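This briefing covers helices, charged side chains and exposure in one chain, for a reader who has the coordinates at hand. Please look over the sequence and the structure before reading on.

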Amino acid sequence: MAKLVVTFQDEDLMELQEVLLDDDAKAALDFIKTRIATQIPGQGTGHCDSTRINPYLMKPDSPG
């Protein structure tokens, strides 16, 4: 299971509280797209990503 740490600014927390209080589905989806999804690292850019080539695990005769 992958774990992700999401950091919110004060205005992010205020907007999250507003979305929760209003029970607004569209605003909730917009919040996820703009405030959370943008913090998810792309493939090959995470700190521990199996899609990267690890030179220590490669055989000496393998290309790349």
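Which residues gather in a patch of negative charge on the surface? In this predicted model, the patch is made up of E18, D22, D23 and D24. The chain has two helices and zero strands, and the points below take up its fold and exposure, then the charged patch, and then the salt bridges with the residues that form them.

**Fold and overall exposure**

- Helix α1 covers residues 10-22 and helix α2 covers residues 25-36, and the chain has no strands beside these two helices.
- The 13 residues of α1, at 1.5 Å a residue, should span 18 Å, and because the C-alpha atoms at its ends are 18 Å apart, the expected and the computed spans agree.
- Of the 64 residues in the chain, 8% count as buried.
- About 5,900 Å² of the chain is exposed, and 58% of that area is supplied by carbon and sulfur atoms.

**The negative patch and the loop residue D23**

- D23, which is one of the residues in the negative patch, lies in the loop between α1 and α2.
- Just after α1, the backbone of D23 takes a positive phi of about 55°.
- D23 counts as exposed because its relative accessibility is 70%, and exposed means over 50%.

**The salt bridges around R35**

- The count of salt bridges comes to three, and two of the pairs, described here, involve R35: one with D12 and one with E15.
- The side chains of R35 and D12 meet at 1.9 Å, taken from N to O, and the pair links distant parts of the chain, since R35 belongs to helix α2 and D12 to helix α1, 23 residues apart.
- The side chains of E15 and R35 meet in a salt bridge at 2.8 Å, again from N to O; E15 lies in helix α1 and R35 in helix α2, so this pair ties together parts that are 20 residues apart in sequence.
- Is D12 buried or exposed? D12 is buried, because its relative accessible area is 8% and buried means under 20%.
- R35, with a relative accessible area of 25%, is partly exposed, and E15, at 23% relative accessibility, also counts as partly exposed.

**The salt bridge within helix α2**

- D30 and K26 form a salt bridge through their side chains, with an N to O distance of 3.0 Å.
- How far apart are D30 and K26 in helix α2? The two residues are four residues apart in this helix, so about one helical turn separates them.
- D30 is partly exposed, with a relative accessible area of 33%, whereas K26 counts as exposed at 58% relative accessibility.
- Returning to the other pairs, D12, E15 and R35 are joined into one network by salt bridges that share partners.

**T34 and its distance to D12**

- T34 lies in helix α2 and, at 46% relative accessibility, counts as partly exposed.
- The C-alpha atoms of T34 and D12 are separated by 10.0 Å, although these residues are 22 residues apart along the chain.

Terms used:
Residues are numbered from 1 along each chain as its sequence is written. This is a predicted model: local features need pLDDT of at least 70, side-chain atom pairs count only at pLDDT 80 or more; totals for chains, interfaces and linings use all residues. Side-chain values use heavy atoms; hydrogens and water are left out. A salt bridge is a side-chain nitrogen of Lys or Arg within 4 Å of a carboxyl oxygen of Asp or Glu. Buried means under 20% relative accessible area, exposed over 50%, partly exposed in between (1.4 Å probe, protein chains only). Patches are made of residues with over 30% relative accessible area and no salt bridge: like charges are joined within 9 Å, nonpolar side chains (Val, Leu, Ile, Met, Phe, Trp, Tyr) within 5 Å. Accessible areas come from the Shrake-Rupley method with a 1.4 Å probe; for residues, only the protein chains shown count as cover. Lys and Arg count as positive and Asp and Glu as negative; His and the chain ends are not counted. The place of a charge is taken as NZ of Lys, CZ of Arg, CG of Asp or CD of Glu. The expected span of a helix is 1.5 Å times one less than its number of residues.
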